[in-house]
Amino acid sequence: MKSISRRDFLKGSAASALSLALLSGSQFAFADSETAEEKKADETLETPILIVGAGSAGMFAAYEASKAGAKVLVISNSPSANATNGASITGTCAVETPYTEEIGQEYSLEDLYKRMISFAHWTVNPRLLKNCVQLLPSNISTFAEMGIEVMLAGDRYGIGFNDVHIFLTQGKWALAEQKCKDQGVEFMYNMTAEAPLMDGDTVVGIRATDNEGKVYDIKAKAVLLACGGFISNKEKLAEHFGDIDIVDMGFPYNTGKGIEVAQKAGGFFERITGLGMNDIYGMNAKSSKISVFNSNPLMQLAFYGNLITDEHGDRFMNEYMLANEPMAGGGEATLHVKRYYCIYNEATLMKMKDEAYYQTIGAPEFWTSAATMFNAPIPELDANLEEALQEGWCYKADTLEELAEMTGCENLAETVRTYDSYVAAGDDPVYHKQPALMQPIGEEGPFYLFEYNPSAFNTFGGCRTDHLTRALKGNFDVIPGLYIAGVENGSLYSSPYYDVGGTCSGLALASGRLAGMEMAKYVAE
Ligand SMILES: Cc1cc2nc3c(=O)[nH]c(=O)nc-3n(C[C@H](O)[C@H](O)[C@H](O)COP(=O)(O)OP(=O)(O)OC[C@H]3O[C@@H](n4cnc5c(N)ncnc54)[C@H](O)[C@@H]3O)c2cc1C
């Protein structure tokens, strides 16, 4: 296929506004006939490789495909590359890098693969996971090629090895975009992929609309969907997770349309759907600061490992899991209740002004997450507490009974007393929590009850692919021309999320690169 640049194409097609049928013959049709009837393309573009999404997977796919010499157009419904979740990542997973070697770490890619595939209970495509894990070290060297510096972080979750490489370079995504542009990649923002263009069973492009409602048909020999799943789509979240308010911690552009496009092209929706839970702080939809690093610091109280209850005031999990494995099992456990709450008496809460809660309970060594994340007093506690009370995600009362009445957590008082008896006995007979995390609540008020909703960075799950990221039908036939990468690749991520930090982006970057390499080969055929 002849590669035509966007500018060239814009010039030509704006003048002629060719119809789809004229361009391609009668067998060429939209997968979604309703849409085809409703709309006529205002403009038609053509590119060998079309990448939908400028986040982790899309950007790295573009870099890899263009490095291999292919012509690439990237479209994204975001206003810029910076307004993508990919741009927000602070760290990414890899082992066997110069950084892990420098500290003499022997934990290998083989060890990592074995851990992940076993964590996933083989529910993912083992060959695809293997391919992506193998690419993790070269994700780091790709960042180095782009001029993006990293350093190795500590073992936050206590998994026994270091894998998260933290970014040191500011504005890394603009830099990555520029490196792609240097290799000839073109970017169009505010462009939403709506439906696949099909020639029989083959995907031959994407119908897209821009923010002004202008309709484009973008013809391409290879199309990559890297749209980041559906965390920004409340209806789709409800379909999969029920009536829970799940707070979206990212940009609001990941609406699940990429998955719909794949399904319209004949893709098979895989059975694994999960969430990349927010592991930085708890969150409440009522907060005025829905932010990862600039939220109200009292949001961290959810991750302190003491008593947590559901909306009835009943205990429902080993709180250690939320304290130390918030992204994996801990966050997952909170999806089994409508909301969750933690409770502190005033004396305990006020101590946090001067000393980290973690320190006041003796800095238990096994709580590695606190050592790195929660090892400081709460700044401006009074003002932040006032804000929490005003915004309605913190409740204050003199007695446990009043608090229960005020919040509808009807079993709260009884739960607290039972829990305190476990604390006194030094034994949690229900969830077997480590005694060091069991701190009494007592009878002396006032008490504060903090309310939380689950919050997440992204969903996992989407349509099935093979080991090379090629989209598959339910019968395992490849859908020619269609590739899927990132968190909406339905064959790569487990639920719960892998317990290895930074694999969210690590696998997104790696699957994007794999798709980029494969598409470059495919379009050269
Ligand atoms: C604040 C924050 C911090 C994070 N920190 C980390 C971290 O430190 N480490 C880590 O591993 N992970 C982290 N994550 C998660 C990580 O960002 C994602 O897992 C990863 O970026 C997923 O990559 P992706 O390419 O699949 O999707 P994204 O990076 O979300 O990219 C999706 C792209 O598709 C576009 N798009 C969506 N729908 C359409 C459509 N219909 N048409 C056109 N374009 C569309 C979007 O605008 C975007 O450009 C963080 C997430 C957030 C929100």
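A polar contact here is a pair of N or O atoms within 3.5 Å; within protein, one must be able to donate a hydrogen and the other to accept it, and residues adjacent in sequence count only if both atoms are side-chain atoms. The model is predicted, so to speak: local features need pLDDT of at least 70, side-chain atom pairs count only at pLDDT 80 or more, and totals for chains, interfaces and linings use all residues. Residues are numbered from 1 along each chain as its sequence is written, and side-chain values use heavy atoms, with hydrogens and water left out.

**View 1. Polar atoms at the ligand.** Asn77 puts a polar side-chain atom 2.6 Å from a ligand oxygen. Ser56 does much the same job of reaching an oxygen of the ligand, with a polar side-chain atom at 2.7 Å. Gly91 uses its backbone instead: an N or O atom there lies 2.7 Å from a ligand nitrogen. With the protein around it, the ligand has 95% of its own 1000 Å² of accessible area covered (Shrake-Rupley method, 1.4 Å probe; for residues, only the protein chains shown count as cover).**View 2. The shell around the ligand.** Surrounding the ligand are 36 residues (a heavy atom within 4 Å), and the closest are Ser56, Asn77, Gly91, Asn254 and Ser505. They split into 15 nonpolar, 20 polar and one charged; Ala, Val, Leu, Ile, Met, Phe, Trp, Tyr, Cys and Pro count as nonpolar, Asp, Glu, Lys and Arg as charged, and the others, Gly among them, as polar. Helix H4 (56-67), helix H5 (85-88), strand S8 (191-199), strand S17 (455-460) and helix H21 (503-524) each chip in at least two shell residues. Helices (H or I, at least four residues) and strands (E, at least two) are DSSP runs, numbered from the N terminus.

**View 3. Glu387 and its contacts.** Glu387 sits in helix H18 (residues 381-391). Its side chain makes a polar contact with the side chain of Asn296, at 3.0 Å. Setting aside neighbours within four places in sequence, Glu387 touches Ser288, Lys289 and Asn296 (contact: heavy atoms within 4.5 Å).

**View 4. A three-stranded open sheet.** The strand order is S4-S6-S5, with antiparallel pairing (two strands pair if DSSP finds at least two bridges between them). Strand S4 (91-93) and strand S5 (150-152) are the edges, each with a single partner strand, so one side of each has no neighbour in the sheet. From one strand to the next, the twist averages 30 degrees. S5 and strand S6 (residues 164-167) pair over three bridges, and Val150 has Phe167 in S6 as its bridge partner. Helix H9 (residues 136-145) lies across S4, S5 and S6, at about 145 degrees to S4; axes are lines fitted to C-alpha atoms, for helices over the stretch in contact, and angles run from 0 to 180 degrees between N-to-C directions.
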